Amino acid sequence: MIKQTEKFYSNRVLTAFLSVLMFAAAYIIYTKLLAETDYITEVAYFVFYGVLIVAVVVGLACAILTFDPRPIIQISPDGIGIRSFIFIAEFVPWNEVVGTRNEVYKNRVGAGVRITVSANLFRIYRPNKRSLAINLTLLNKRGDGFNKAFSKYMEV
């Protein structure tokens, strides 16, 4: 019988890097692009402010993930606990899990630039309820520890 609860936290190095990158982008937009508004159009002014707000919000979200001591995923003999963000948490008992699947989503960014942004998701299917997706990109999986822990409980 498995008694141990395994906890998985956010990838603190990646979230710290993203937080610093977003705050640096916000700083550059605010001090360089929006400081001299004589040379930009009114539409560009509002677009830059929109990008500034998005950069600050994403930077704050990544900073919260970096310093939050609580685990993102808790795998226990009773089920799997998933904390989506600060106050949003969901618990799925093992008897409700009817299937799982790894998914990779790729988005192409920019019209003339070839940049592909991908996200690795682990989707848990439940009967008569919506499926839950875990973003594995920002999760510290400890190598293949997440897959081993999850498969250990799914076999029981």
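This report describes salt bridges, a pocket, a surface patch and one backbone feature in a predicted model.

## Salt bridges around Asp68

Side chains of opposite charge can pair when their charged atoms come close. In this model the count of salt bridges comes to 5. Asp68, Arg70 and Arg83 are joined in a network of such contacts. Within the network, Asp68 meets Arg70 at 3.0 Å, taken from N to O, and Asp68 also meets Arg83, here at 2.8 Å from N to O. The second of these pairs ties together parts that are 15 residues apart in sequence, because Asp68 lies in the loop between α2 and β2 (73-75) whereas Arg83 belongs to strand β3 (residues 79-83).

The members of the network are covered to varying extents. Asp68 counts as buried, because its relative accessibility is 11%, under the 20% limit for that class. Arg83 is likewise buried, with a relative accessibility of 10%. Arg70, at 36% relative accessibility, counts as partly exposed.

## A link between β4 and a later loop

Another salt bridge joins Glu90 and Arg126, whose closest N and O atoms are 3.2 Å apart. This pair links distant parts of the chain: Glu90 is in strand β4 (residues 89-93), Arg126 is in the loop between β6 and β7, and the two are 36 residues apart. Glu90 is partly exposed, with a relative accessible area of 30%. Arg126, by contrast, has a relative accessibility of 9% and therefore counts as buried, since the limit for that class is under 20%.

## The largest pocket

Rolling a probe the size of a water molecule over the atoms shows where empty space is left. The largest pocket found in this model has a volume of about 290 Å³. Its lining comprises 13 residues, and those nearest the centre are Ile72, Arg83, Ser84, Asn135 and Leu138. Arg83 thus appears both in this lining and in the salt-bridge network with Asp68 and Arg70.

Strands β3 and β7 are the elements that give two or more residues to the lining of this pocket. The most comes from β7, which gives 3 residues. Sorted by class, the lining holds 9 nonpolar, 3 polar and 1 charged residues.

## A nonpolar surface patch

On the surface, Phe23, Val56 and Leu60 form a nonpolar patch, and together they have about 230 Å² of accessible area. Val56 is placed in helix α2 (residues 42-67). With a relative accessible area of 32%, Val56 is partly exposed; this value passes the patch cut-off, because membership calls for over 30%.

## A positive phi at Asn128

Most residues other than glycine have a negative phi, and most peptide bonds are trans. Asn128 has a positive phi, near 60°, although this residue is not glycine. Asn128 is found in the loop between β6 (115-125) and β7 (132-135). The loop between β6 and β7 also holds Arg126, the partner of Glu90.

Asn128 is exposed, with a relative accessible area of 84%, because that class begins over 50%. Arg126 in that loop, at 9% relative accessibility, is instead buried.

Terms used: Residues are numbered from 1 along each chain as its sequence is written. This is a predicted model: local features need pLDDT of at least 70, side-chain atom pairs count only at pLDDT 80 or more; totals for chains, interfaces and linings use all residues. Side-chain values use heavy atoms; hydrogens and water are left out. Patches are made of residues with over 30% relative accessible area and no salt bridge: like charges are joined within 9 Å, nonpolar side chains (Val, Leu, Ile, Met, Phe, Trp, Tyr) within 5 Å. Accessible areas come from the Shrake-Rupley method with a 1.4 Å probe; for residues, only the protein chains shown count as cover. A salt bridge is a side-chain nitrogen of Lys or Arg within 4 Å of a carboxyl oxygen of Asp or Glu. Helices (H or I, at least four residues) and strands (E, at least two) are DSSP runs, numbered from the N terminus. Buried means under 20% relative accessible area, exposed over 50%, partly exposed in between (1.4 Å probe, protein chains only). On a 1 Å grid over the protein atoms alone, a cavity is a set of points where a 1.4 Å probe fits but cannot get out, and a pocket is an open set with protein on both sides within 12 Å along at least five of seven lines; lining residues have an atom within 4 Å of a point. Grid points are joined across faces, edges and corners, and a volume is the space filled by probe spheres set on the points. Ala, Val, Leu, Ile, Met, Phe, Trp, Tyr, Cys and Pro count as nonpolar, Asp, Glu, Lys and Arg as charged, and the others, Gly among them, as polar.
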